Amino acid sequence: FNTILRNFVNFITEVRTLSDVSINVGRTGLDDSGCAAIAQLLRLCPTISHFSLHLEDTNISDQGISFITSKLTALPLQQLILTLTRTSITDEAIILLSQSVLEITSQLTDISIFLSLTEVSDLGVIPLVNSFMSLPSLSKLHLDLTGCNDVTDQSGDKIIELILSHPVLTRIALDLSRTRMTQEGVIKIRSVKPAQYQTFRIGF
């Protein structure tokens, strides 16, 4: 499968004016070499503004994610969707993603990150949420942490800080079930809903 993907990427990169790219390789044998091929696509197609990548149930590691995140900063991104559900990634990959988000200079308005059933903890989630504060145009956020057993109210406090400090953010969806967040912590998040919010959904 990884060889097929590399051949496909080599074909696609002959067209270097792509703007809307969605890659769904979830539930395949994709590994880090496949991520390297996807990173090549991002490098050779600098016009991508809407990027959706679904990697759930694959064999990727932190190294594979590093190949991809290192190429995001040069893109004129407006939308980013990244699905890493049920992969073996750790906080290291999410910290790398956070660092890339901090370096993004485009008008990124819409982010969806799916981390359910991974080993990600507060050590990754807190810098990730913190990086969202650096995006002045961010108006829509979906963060799925379902089943992340080491995510606690410390991440919840950082989410509250994001909500209160980001006036442009008007749509937010949080999936927090089966984490170590307490009911009190979730109630605390719900209690700070600003008046301008059009969507404010918290699953717990």
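This section describes the parallel sheet and the salt bridges of a predicted model.

The sheet is open and consists of seven strands, arranged in the order E1-E2-E3-E4-E5-E6-E7 with parallel pairing. Its edges are formed by strand E1 (20-24) and strand E7 (199-203); each has a single partner strand, so one side of each is left without a neighbour in the sheet. From one strand to the next, the twist averages 0°.

Within this arrangement, strand E3 (residues 79-83) is largely enclosed by the rest of the structure, because four of its five residues are buried. Strand E2 (residues 50-54) runs parallel to E3 and is joined to it by five bridges, with His50 standing opposite Gln79 of E3. The connection from E2 to E3 passes through helix H3 (residues 62-72), and this β-α-β crossover is right-handed. E3 also pairs in the parallel sense with strand E4 (residues 110-114), again over five bridges; here Gln79 stands opposite Asp110 in E4. The chain then crosses from E3 to E4 through helix H4 (residues 91-103), in a β-α-β crossover that is right-handed. Further along the sheet order, five bridges join strand E5 (residues 140-144) to strand E6 (residues 171-175), and the two run parallel. Leu141 has Ile172 of E6 as its bridge partner.

Seven salt bridges are found in a search of the whole structure. In one of these, the side chains of Glu56 and Arg27 meet at 3.3 Å, N to O. Glu56 lies in the loop between E2 and H3 and Arg27 in the loop between E1 and helix H2 (32-44), so that distant parts of the chain, 29 residues apart, are linked. The two partners contrast in exposure: Glu56 has 9% relative accessibility and, being under the 20% cut-off, counts as buried, whereas Arg27, at 58%, counts as exposed.

A salt bridge is also formed by the side chains of Arg86 and Asp57 (2.9 Å, N to O). This pair links the loop between E3 and H4, which holds Arg86, to the loop between E2 and H3, which holds Asp57, across 29 residues. Arg86 is partly exposed at 37% relative accessibility, as is Asp57 at 26%.

Asp157 and Lys188 meet through their side chains in a salt bridge of 3.4 Å, N to O. Because Asp157 lies in helix H6 (residues 153-165) and Lys188 in helix H7 (residues 183-190), the pair ties together parts that are 31 residues apart in sequence. Asp157 is partly exposed, with a relative accessible area of 39%, and Lys188 is likewise partly exposed, at 43%. Finally, Arg27, Glu56, Asp57 and Arg86 are joined into one network by salt bridges that share partners.

How values were computed. Residues are numbered from 1 along each chain as its sequence is written. This is a predicted model: local features need pLDDT of at least 70, side-chain atom pairs count only at pLDDT 80 or more; totals for chains, interfaces and linings use all residues. Side-chain values use heavy atoms; hydrogens and water are left out. Two strands pair if DSSP finds at least two bridges between them. Axes are lines fitted to C-alpha atoms, for helices over the stretch in contact, and angles run from 0 to 180 degrees between N-to-C directions. Buried means under 20% relative accessible area, exposed over 50%, partly exposed in between (1.4 Å probe, protein chains only). A crossover is right-handed if, with the strands pointing away from the viewer, the path from the first strand over the helix to the second runs clockwise. A salt bridge is a side-chain nitrogen of Lys or Arg within 4 Å of a carboxyl oxygen of Asp or Glu.
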